[in-house]
Amino acid sequence: MERSDKTARELYEAIKAKPTRPRFGFGRKPMLINIDPQKAYTCVGEFATAYETDPDQLSYINQLAKLARAKNLPVVWTYVAYMQSGEDCGVWGTRTDTPDSLQNIKVGSRRAEFDDRLEIDAVRDVIINKRMASAFHETHLQSLMVWHQCDTVVLTGGSTSGCVRATVVDAISRGYRVMVPEECVADKHESPHFANLYDIAIKYGDVIPVADAIAHYENWQG
């Protein structure tokens, strides 16, 4: 194991400034997947589980979603919520049982609601209630990728070290190119946030400026 006295942020910034591997690059057609931008994770000051990294995160997500719709490209929003008993959370819900625990994000609760700042087209956009970390796990997301003939996923949301990373790994495992706009993902603490951006950038996908994602959608032609 290589030893270092650098922080996770410093390690990430070093490979960002001097990449060790080329980017995968965008493919032919992207799908925008916004992972769990719900109040349990976005309403800082109201819920202990909430976090914020870039204060403009949700504005950027709205911009990407608007551009995707304008090009008739698919937009997906996921959220986590469980039945009243919490039994559909499985073993993941057995570690704690407090008001802030995962299995206590109930269907229809305020914690399960999307952030009010988001601009979601409830008629056109796809909304998925997922129950595990990856947006692909036991959802119909794979079928949507096939139906829309998408070969690239653009991922936003949180957390970087949890559901974003899990979805990144599942996406590349299925043969998709993965784009993570850096300003559009967030985590509770900077160490896991930057450690996982580092891992994604050198292993599983492209961590890119949101400006690059915006430009790609603006210039996309079917």
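What covers the buried residues of H5? In this predicted model, the cover includes strand E1 (30-35), E3, strand E4 (152-158), strand E5 (177-181), strand E6 (185-186) and helix H6 (190-204). Helix H5 itself spans residues 160-173, and its buried residues are Thr 160, Cys 163, Val 164, Arg 165, Thr 167, Val 168 and Ala 171. After H5 comes Gly 175, with a positive phi near 90 degrees. On the other side of the helix, the loop between E4 and H5 holds Ser 159. A cis peptide bond, with omega at about -10 degrees, joins this Ser 159 to Gly 158.

Helix H3 invites a similar reading. Its 14 residues, 57-70, reach 20 Å from the first C-alpha to the last, close to the 20 Å expected at 1.5 Å a residue. Buried in H3 are Gln 57, Leu 58, Ile 61, Asn 62, Leu 64, Ala 65, Leu 67, Ala 68 and Arg 69. The elements that cover these residues include E1, E2, E4, E5, E6 and helix H7 (210-219). E1, E4, E5 and E6 are thus named among the cover of H3 and also among the cover of H5. H3 is followed by Asn 72, where phi is positive, near 60 degrees.

Two further residues with positive phi lie in loops. Glu 138, in the loop between E3 and helix H4 (141-147), has a phi near 55 degrees although the residue is not a glycine. Gln 149, in the loop between H4 and E4, likewise is a residue other than glycine with a positive phi, near 55 degrees. Is Glu 138 buried or exposed? With a relative accessible area of 73%, Glu 138 is exposed. Gln 149 also counts as exposed, at 55% relative accessibility.

The aromatic side chains come next. A pair of aromatic rings is described by the distance of the centres and the angle of the planes. The structure holds 5 aromatic pairs. One of them is formed by Trp 77 and Phe 114, which meet edge-to-face at 6.2 Å centre to centre, with 65 degrees between the planes. Because Trp 77 lies in strand E2 (residues 75-80) and Phe 114 in the loop between E2 and strand E3 (126-130), this pair ties together parts that are 37 residues apart in sequence. Both Trp 77 and Phe 114 are buried. The rings of Tyr 79 and Phe 114 have centres 5.6 Å apart and planes at 75 degrees, so this pair is edge-to-face as well. Here too distant parts of the chain are linked, with Tyr 79 in strand E2 and Phe 114 in the loop between E2 and E3, 35 residues apart. Tyr 79 is buried, as is Phe 114. Together, Trp 77, Tyr 79 and Phe 114 make up one aromatic cluster.

Attention can now turn to the empty spaces of the model. The largest pocket has a volume of about 560 Å³. Its lining counts 25 residues, and those closest to the pocket centre are Tyr 41, Thr 49, Trp 92, Asp 100 and Leu 102. By class, this lining has 9 nonpolar, 10 polar and 6 charged residues.

How many cavities of 30 Å³ or more are there? The count comes to 2. The largest cavity holds about 70 Å³ of space. Its lining consists of Thr 42, Tyr 51, Glu 52, Asp 54, Pro 55, Asp 56, Gln 57, Leu 58 and Arg 117, which divide into 3 nonpolar, 2 polar and 4 charged residues.

The second largest cavity has a volume of about 60 Å³. Around it lie Ile 35, Asp 36, Pro 37, Tyr 41, Thr 42, Tyr 51, Gln 57, Leu 58, Ile 61, Gly 157 and Gly 158. Helix H2 (39-42), H3 and E4 are the elements that give two or more residues to this lining. Which element gives the most to the lining of the second largest cavity? That element is H3, with 3 residues. By class, the lining of the second largest cavity has 6 nonpolar, 4 polar and 1 charged residues.

Several of these residues also figure in the features described above. Gln 57 and Leu 58, buried in H3, line the largest cavity and the second largest cavity. Tyr 41 is among the residues closest to the centre of the largest pocket and also lines the second largest cavity. Gly 158, at the cis peptide bond with Ser 159, belongs to the lining of the second largest cavity too.

Terms used
Residues numbered from 1 in each chain as written. Predicted model: local features only at pLDDT ≥ 70, side-chain atom pairs only at ≥ 80, totals over all residues. Heavy atoms only, no water. 1 Å grid on protein atoms, 1.4 Å probe; cavity = no way out; pocket = protein on both sides within 12 Å on 5 of 7 lines; lining within 4 Å. Points joined across faces, edges and corners; volume = space filled by probe spheres on them. Nonpolar A, V, L, I, M, F, W, Y, C, P; charged D, E, K, R; others polar. Phe/Tyr/Trp six-rings, centres within 6.5 Å; stacked < 30°, edge-to-face > 60°. Helix = DSSP H or I, 4+ residues; strand = E, 2+ residues; numbered from the N terminus. Buried < 20%, exposed > 50% of the residue type's maximum accessible area, 1.4 Å probe, protein only. Contact = heavy atoms within 4.5 Å. Expected span 1.5 Å × (residues − 1).
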